[in-house]
Amino acid sequence: MIDKKIYQWNELYPSKEVLQNDIELQQLWKLEVDDKIIGLIVLTDIEDAEYKDIKWLTKNDQNLYIHRLAVHPEFQGKGYAQKLMSFAENYAKQHKFISIRLDTFSQNKRNQKFYKQQNYKQLGSIYFPKQSEYPFYCFEKIVNV
């Protein structure tokens, strides 16, 4: 991302500790090709404190949150991020989540377009001061009514 001038992640985030916690909570999913991990996604029902002031489309009950969606640079642009998002939506439907919520960096126009093309609605902004001075935009998509 840094090569593309997207300063969303840095030396503080995501840390090995954050990813280890994702593994321990069994909320990190990996995408493999030929026994090589090429992507990952975190699916959790835990709402981050930063989300408390967002006016979501649905009430705070049975919501799935996506974090740390990543595809190895050598495999980007080949549909793998879409594959991870499809997995997340199927997971949400199977586990009776009402909606999927996520945030993406305001300076990452590619991600914003990606989520909007999949019918996620942009709702508000939050800040992660240790990551960036710029806001992160929150999105939600209703998957079960």
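**Salt bridges across the chain**

Mentor: Let's start with a pair worth looking at: the side chains of E140 and R101 meet in a salt bridge, 3.0 Å from N to O. Keep in mind that this is a predicted model.

Trainee: Okay, so how many residues apart are E140 and R101, and where do they lie?

Mentor: E140 sits in strand 6, while R101 belongs to strand 4, residues 99–105. The pair links distant parts of the chain, and the separation is 39 residues.

Trainee: Is R101 buried or exposed?

Mentor: Buried means under 20% relative accessible area. Its partner E140 comes in at 1%, so E140 is buried. R101 has a relative accessible area of 0%, which makes R101 buried.

Trainee: Which residues are linked with R101 in a network of salt bridges?

Mentor: We already have E140, whose side chain meets that of R101. The network takes in one further name, so to speak, and its members besides R101 are E140 and E47.

Trainee: Moving on to E89 and K141, which parts does that pair tie together?

Mentor: The side chains of E89 and K141 meet in a salt bridge at 3.1 Å, N to O. They are 52 residues apart in sequence, so the pair ties together separate parts of the chain: helix 2, with E89, and strand 6 (residues 136–142), with K141.

Trainee: And is K141 buried or exposed?

Mentor: Take E89 to begin with: its relative accessible area is 11%, so E89 is buried. For K141 the figure is 16%, and with the cut-off at under 20%, K141 counts as buried.

Trainee: What about E74 and K36: how many residues apart are they in sequence?

Mentor: Their side chains meet in a salt bridge too, at 3.9 Å from N to O. E74 lies in the loop between strand 3 (63–71) and helix 2 (80–94), and K36 is in strand 2 (residues 36–44), so the pair ties together parts whose separation is 38 residues.

Trainee: Is E74 buried or exposed?

Mentor: K36 has 38% relative accessibility, so K36 counts as partly exposed. Exposed means over 50%. E74 has a relative accessible area of 53%, so E74 is exposed.

Trainee: Zooming out, what pattern does the chain follow along the sequence?

Mentor: There are 3 helices and 6 strands to place. Read along the sequence, they give α-β-β-β-α-β-α-β-β.

Trainee: Last one: what share of the contacts with a separation of 6 or more comes from residues 24 or more positions apart?

Mentor: The chain has 145 residues, of which 41% count as buried. The salt bridges come to 7. As for those contacts, the share is 65%.

Conventions
Residues are numbered from 1 along each chain as its sequence is written. This is a predicted model: local features need pLDDT of at least 70, side-chain atom pairs count only at pLDDT 80 or more; totals for chains, interfaces and linings use all residues. Side-chain values use heavy atoms; hydrogens and water are left out. Helices (H or I, at least four residues) and strands (E, at least two) are DSSP runs, numbered from the N terminus. Buried means under 20% relative accessible area, exposed over 50%, partly exposed in between (1.4 Å probe, protein chains only). Contact means heavy atoms within 4.5 Å. A salt bridge is a side-chain nitrogen of Lys or Arg within 4 Å of a carboxyl oxygen of Asp or Glu.
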